[in-house]
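Me: Could you take a close look at one part of this structure for me, the last of the helices that pack around the ligand? I'd like to know what it touches and how it sits.

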Amino acid sequence: MDSQTDRPLPRSWKIAGIAAFGICIGVVAVWAFVALGAYDVAADVPHTRLVYWWMTEVRDRSVAVRARDVQVPSDLGAPKRISTGAGLYNEMCSGCHLAPGMKKTEISQGLYPSAPELSCGTDLTPGEEFWVVKHGIKMSGMAAWGKTHNDTLIWDMVAFVRKLPTLSPTQYQAVVKSAPGDHDEMMNMQNMDHGGH
Ligand code: HEC
């Protein structure tokens, strides 16, 4: 009996013990970090570089993977789409994303992550833009417009967002004026055409 208990522990047990201890320390450290409120969630204090990089990577990959199967309509350049999109953009998006000739708004200056100025263009494909506008982005100001707008209207906005970088302030005003009626009218017109998805 004695000779058995005196035998040294196998090496693999020792390693497992050290690993389990390490994991416990890790869990306690993470818990303490959260419980002590160590991370500053203030929107006026930037993320550390590592957190910023990690969150950007998570966002970009999440959008790219989910937007892979989005079918892009062939008529994104259609003037009717662009003018409807312009009306919606001016009303719902320009407060955060600004527009040609527009001064910075208070909300656009306070958002973190900041809302990109869409008149400078994006790196996204049309399918990715559609996905972001429809579903929004968690823990940023970007809302899921698909809760209240059908796919047709969202494609109209994407059509306009892709046109936006080519517009001067005067052209921007002109295309916004060309939008069909007010918001409710645009919603009703489109709801008769297609159902939302
Ligand atoms: C309350 C502010 C706010 C409003 C209003 C808003 N957005 Fe955004 N949007 C954001 C923020 C913030 C981001 C960046 C999110 C991030 O980086 O995680 C964003 C991201 C985007 C992107 C992705 C851009 C890129 O390059 O990654 C698109 C496209 C976009 N918004 C389109 C729209 C459209 C179209 C509307 C109007 C229907 C709209 N947004 C309304 C705040 C807003």
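Reply: Happy to; here is a walk through helix α8 and its surroundings, starting with the whole chain and ending with the ligand.

Please keep in mind that this is a predicted model. The protein chain has 10 helices and zero strands, so read from one end to the other the pattern is α-α-α-α-α-α-α-α-α-α. The C-alpha trace spans about 95 × 35 × 25 Å along its principal axes. Its radius of gyration is 25 Å, where a compact globule of 197 residues would have one near 16 Å.

Now to α8 itself, which covers residues 151-163. Let's begin with its packing against α4 (79-92). The axes of α4 and α8 lie 7 Å apart and meet at an angle of about 90°. Angles from 65 to 115 degrees count as roughly perpendicular, and α4 and α8 are therefore roughly perpendicular to each other. On the α4 side the contact is made by Arg81, Ile82, Thr84, Gly85, Ala86, Leu88 and Tyr89, while α8 brings Leu153, Trp155, Asp156, Met157, Ala159, Phe160, Val161 and Lys163. Sorted by class, the residues of this contact of α4 with α8 are 10 nonpolar, two polar and three charged.

The other partner to look at is α7, residues 126-135. Here the axes of α7 and α8 are 9 Å apart, and the angle is about 125°. That makes α7 and α8 oblique to each other, and their crossing is right-handed. From α7, the contact uses Pro126, Glu129, Phe130, Val133 and Lys134; from α8, it uses Ile154, Trp155, Met157, Val158, Val161 and Arg162. The contact of α7 with α8 has eight nonpolar and three charged residues, with no polar ones. If you follow single side chains, Trp155, Met157 and Val161 are listed for α8 in the contact with α7, and these residues are also listed in the contact with α4.

That brings us to the ligand. α4, α5 (94-97), α7 and α8 each supply at least two residues of the shell around the ligand. There are 24 residues around the ligand, and those that come nearest are Cys93, Cys96, Thr122, Gly141 and Met142. The shell has 17 nonpolar, five polar and two charged residues.

Two backbone details in the loops are worth a glance while you have the model open. Leu98 sits in the loop between α5 and α6, and it has a positive phi of about 60° although it is not a glycine. Further along, the loop between α6 (106-110) and α7 holds Pro113. Pro113 is joined to Tyr112 by a cis peptide bond, with omega about 5°.

Notes. Residues numbered from 1 in each chain as written. Predicted model: local features only at pLDDT ≥ 70, side-chain atom pairs only at ≥ 80, totals over all residues. Axes fitted to C-alpha atoms, helices over the stretch in contact; angles between N-to-C directions. Helix = DSSP H or I, 4+ residues; strand = E, 2+ residues; numbered from the N terminus. Parallel < 35°, antiparallel > 145°, perpendicular 65-115°, else oblique. Left-handed = near helix turned anticlockwise from the far one by under 90°. Contact = placed C-beta atoms within 7 Å. Nonpolar A, V, L, I, M, F, W, Y, C, P; charged D, E, K, R; others polar. Near = placed C-beta within 6 Å. Rg over C-alpha atoms; globule rule 2.2 N^0.38 Å.
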